[in-house]
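Work through the exercises below with the sequence and coordinates open. Try each task before reading its solution.

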Amino acid sequence: MDNWLPTLKTTTPTQGYDLAVKLARMAVKLTQPDTAERERMRPEYAGDADALIAASHVVATHFATIAAANAFWHEGS
């Protein structure tokens, strides 16, 4: 697999959030590498409020990590 995550550094909070979403999506892709199986399961969780809230929580956790890392880097510059 190529280096899809070369850095956690971002310039803006929006870029940080986009990276958090990418991290969440990559976790799903790496956990279930079969594209057809992921597509088969999607309708099951797409209408499940609890599953969507859980996905949102994962993104928020990634975003907090990225924000903390960026704050650290900005303080060190």
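**Exercise 1. The pocket lining**

By class, how many nonpolar, polar and charged residues does the lining of the largest pocket have?

*Solution.* Note at the outset that this is a predicted model.

Step 1. Sort the lining by class: 13 residues are nonpolar, 5 are polar and 6 are charged.

Step 2. Check the total. The largest pocket is lined by 24 residues.

Step 3. Find the centre. Ala24, Arg25, Val28, Arg42 and Tyr45 lie nearest to it.

Step 4. Assign the lining to elements. Helices α1, α2 and α3 each supply at least two residues. The most come from α1, which gives 9 residues.

Step 5. Add the volume, which is about 810 Å³ for this largest pocket.

**Exercise 2. The nonpolar core**

Identify the residues of the largest nonpolar core, then the elements that contribute to it.

*Solution.* Step 1. List the members. There are 6 residues in all: Leu19, Ala20, Leu23, Ala24, Val59 and Ile66.

Step 2. Map them to elements. Two or more residues come from each of α1 (13-31) and α3 (49-76). Helix α1 gives the most, with 4 residues.

Step 3. Put this in context. In soluble globular proteins, nonpolar side chains tend to be buried together.

Step 4. Take one core member, Ile66, and list its contacts beyond four places in sequence. They are Leu8, Thr10, Gly16, Leu19, Ala20 and Leu23. Of these, Leu19, Ala20 and Leu23 also belong to the core.

**Exercise 3. Salt bridges**

How many salt bridges does the count come to? Which residues do the salt bridges join into one network?

*Solution.* Step 1. Count. The total is 2 salt bridges.

Step 2. Take the pair Arg40 and Glu37. Their closest N and O atoms are 2.6 Å apart. Both residues lie in helix α2 (35-46). They are 3 residues apart, about one turn of the helix.

Step 3. Take the pair Glu44 and Arg40. Here the N to O distance is 3.0 Å. Glu44 and Arg40 are separated by about one helical turn, because they are 4 residues apart in helix α2.

Step 4. Join the pairs. The bridges share partners, and Glu37, Arg40 and Glu44 form one network.

Step 5. Classify the exposure of each member. Arg40 has 45% relative accessibility, so Arg40 counts as partly exposed. Glu37 has 26%, so Glu37 is partly exposed as well. Glu44 reaches 53%, so Glu44 counts as exposed.

**Exercise 4. Two residues of α3**

Are Ala69 and Asn70 buried or exposed?

*Solution.* Step 1. Place them. Ala69 is in helix α3, and so is Asn70.

Step 2. Apply the cut-off: buried means under 20% relative accessible area.

Step 3. Compare. Ala69 has 17% relative accessibility, so Ala69 counts as buried. Asn70 has a relative accessible area of 8%, so Asn70 is buried too.

Step 4. Look for partners of Asn70 further along the chain. Leaving out residues up to four places away in sequence, Asn70 touches Leu8, Lys9 and Thr10.

Step 5. Set a distance for Ala69. Ala69 and Pro6 are 63 residues apart along the chain, and their C-alpha atoms are separated by 14 Å.

**Exercise 5. Sequence separation and space**

Classify Thr7, Pro43 and Asp50 by exposure. Then give a C-alpha distance for each.

*Solution.* Step 1. Thr7 sits in the segment before α1. Its relative accessible area is 35%, so Thr7 is partly exposed. Thr7 and Leu19 are 12 residues apart along the chain, with C-alpha atoms separated by 9.9 Å.

Step 2. Pro43 lies in helix α2. Its relative accessibility is 59%, so Pro43 counts as exposed. Pro43 and Thr7 are 36 residues apart in sequence and 33 Å apart in space, C-alpha to C-alpha.

Step 3. Asp50 is in helix α3. Its relative accessible area is 62%, so Asp50 is exposed. Asp50 and Thr12 are 38 residues apart along the chain, and 29 Å separates their C-alpha atoms.

How values were computed: Residues are numbered from 1 along each chain as its sequence is written. This is a predicted model: local features need pLDDT of at least 70, side-chain atom pairs count only at pLDDT 80 or more; totals for chains, interfaces and linings use all residues. Side-chain values use heavy atoms; hydrogens and water are left out. A nonpolar core is a set of buried Ala, Val, Leu, Ile, Met, Phe, Trp, Tyr and Cys residues joined through side-chain atoms within 4.5 Å. Buried means under 20% relative accessible area, exposed over 50%, partly exposed in between (1.4 Å probe, protein chains only). Contact means heavy atoms within 4.5 Å. On a 1 Å grid over the protein atoms alone, a cavity is a set of points where a 1.4 Å probe fits but cannot get out, and a pocket is an open set with protein on both sides within 12 Å along at least five of seven lines; lining residues have an atom within 4 Å of a point. Grid points are joined across faces, edges and corners, and a volume is the space filled by probe spheres set on the points. Ala, Val, Leu, Ile, Met, Phe, Trp, Tyr, Cys and Pro count as nonpolar, Asp, Glu, Lys and Arg as charged, and the others, Gly among them, as polar. A salt bridge is a side-chain nitrogen of Lys or Arg within 4 Å of a carboxyl oxygen of Asp or Glu.
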